[in-house]
Amino acid sequence: AAQARANSVFTVRFDSGGTRASIPAELSAALIDEAKQAPLIVLKGRTDGTSDSPIESRIARERAAAVRAHLVAAGVDATRIRTTYQPA
């Protein structure tokens, strides 16, 4: 019988106000390896903002999209990736 695997959680840090994913090689390799094996990948873009403003929402959304693009470029099946965001 197949053994269930625990969920993995990774944190990708961004420069303050930034939306470009600069993922260290070791973290990137682990993230890609896990993502290729996972049946579903959920990405949540976040900011350290204190209000739910349009700018914070855009940054959070773009951060999730940047990590999604990184995974897809590495060969992860895009149909298994879901993105969401939490601006504040």
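Okay, let's start with a cut-off: a residue is buried when its relative accessible area is under 20%. By that rule, 31% of the 88 residues in this protein chain are buried. And just so everyone knows, what you have up there is a predicted model.

So, the overall layout. The protein chain has two helices and two strands, and from the N terminus they come in the order α-β-α-β. If you put a box around the C-alpha atoms along the principal axes, you get roughly 50 × 25 × 20 Å. For those of you who like contact maps: take the contacts with a separation of 6 or more, and 71% of them are between residues 24 or more positions apart.

Now the strands. Strand β1 covers residues 41-46, and its covered face carries I41, L43 and G45. The uncovered face has V42, K44 and R46. That's the pattern you know: in a regular strand, side chains alternate between the two faces of the sheet.

What does β1 pair with? That would be β2, residues 81-86; the two strands run parallel, joined by six bridges. If you want a spot to zoom in on, find G45 and look across to Y85 in β2, which stands opposite. To get from β1 to β2 the chain goes through helix α2, residues 54-73, and this β-α-β crossover is right-handed.

Right, on to the pocket. The largest pocket comes out at about 1000 Å³. It has 31 lining residues, and the ones closest to the centre are V9, F10, V42, L43 and K44. Which element gives the largest share of the lining? It's β1, with six residues. Helix α1 (25-37), β1 and α2 each put in at least two. By class, the lining splits into 16 nonpolar, eight polar and seven charged residues.

Let me finish with three residues, going from buried outwards. R63 sits in helix α2. Is this arginine buried or exposed? R63 is buried, because its relative accessible area is 10%, and the cut-off is under 20%. As for what R63 touches, leaving out neighbours within four places in sequence, the contacts are F14, D15, S16, G17, G18, T19, R46 and T47. R46, remember, belongs to the uncovered face of β1. There's also R20: that residue is 43 positions from R63 along the chain, with the two C-alpha atoms 7.1 Å apart.

Next, S53. You'll find S53 in the loop between β1 and α2. With a relative accessibility of 21%, S53 counts as partly exposed, since buried needs a value under 20%. Now pick L71, which is 18 residues away from S53 along the chain: the C-alpha atoms of that pair are separated by 28 Å.

And last, D33, over in helix α1. Where does D33 fall on the accessibility scale? D33 has 42% relative accessibility, so it counts as partly exposed, because exposed would take a value over 50%. Its partner for a distance check is V76, 43 residues away along the chain, and there the C-alpha atoms are 9.0 Å apart.

So if you open the model afterwards, I'd go to β1: six bridges to β2, and six residues in the lining of the largest pocket. Okay, that's me done.

Technical notes: Residues are numbered from 1 along each chain as its sequence is written. This is a predicted model: local features need pLDDT of at least 70, side-chain atom pairs count only at pLDDT 80 or more; totals for chains, interfaces and linings use all residues. Side-chain values use heavy atoms; hydrogens and water are left out. Buried means under 20% relative accessible area, exposed over 50%, partly exposed in between (1.4 Å probe, protein chains only). Helices (H or I, at least four residues) and strands (E, at least two) are DSSP runs, numbered from the N terminus. Two strands pair if DSSP finds at least two bridges between them. A crossover is right-handed if, with the strands pointing away from the viewer, the path from the first strand over the helix to the second runs clockwise. On a 1 Å grid over the protein atoms alone, a cavity is a set of points where a 1.4 Å probe fits but cannot get out, and a pocket is an open set with protein on both sides within 12 Å along at least five of seven lines; lining residues have an atom within 4 Å of a point. Grid points are joined across faces, edges and corners, and a volume is the space filled by probe spheres set on the points. Ala, Val, Leu, Ile, Met, Phe, Trp, Tyr, Cys and Pro count as nonpolar, Asp, Glu, Lys and Arg as charged, and the others, Gly among them, as polar. Contact means heavy atoms within 4.5 Å.
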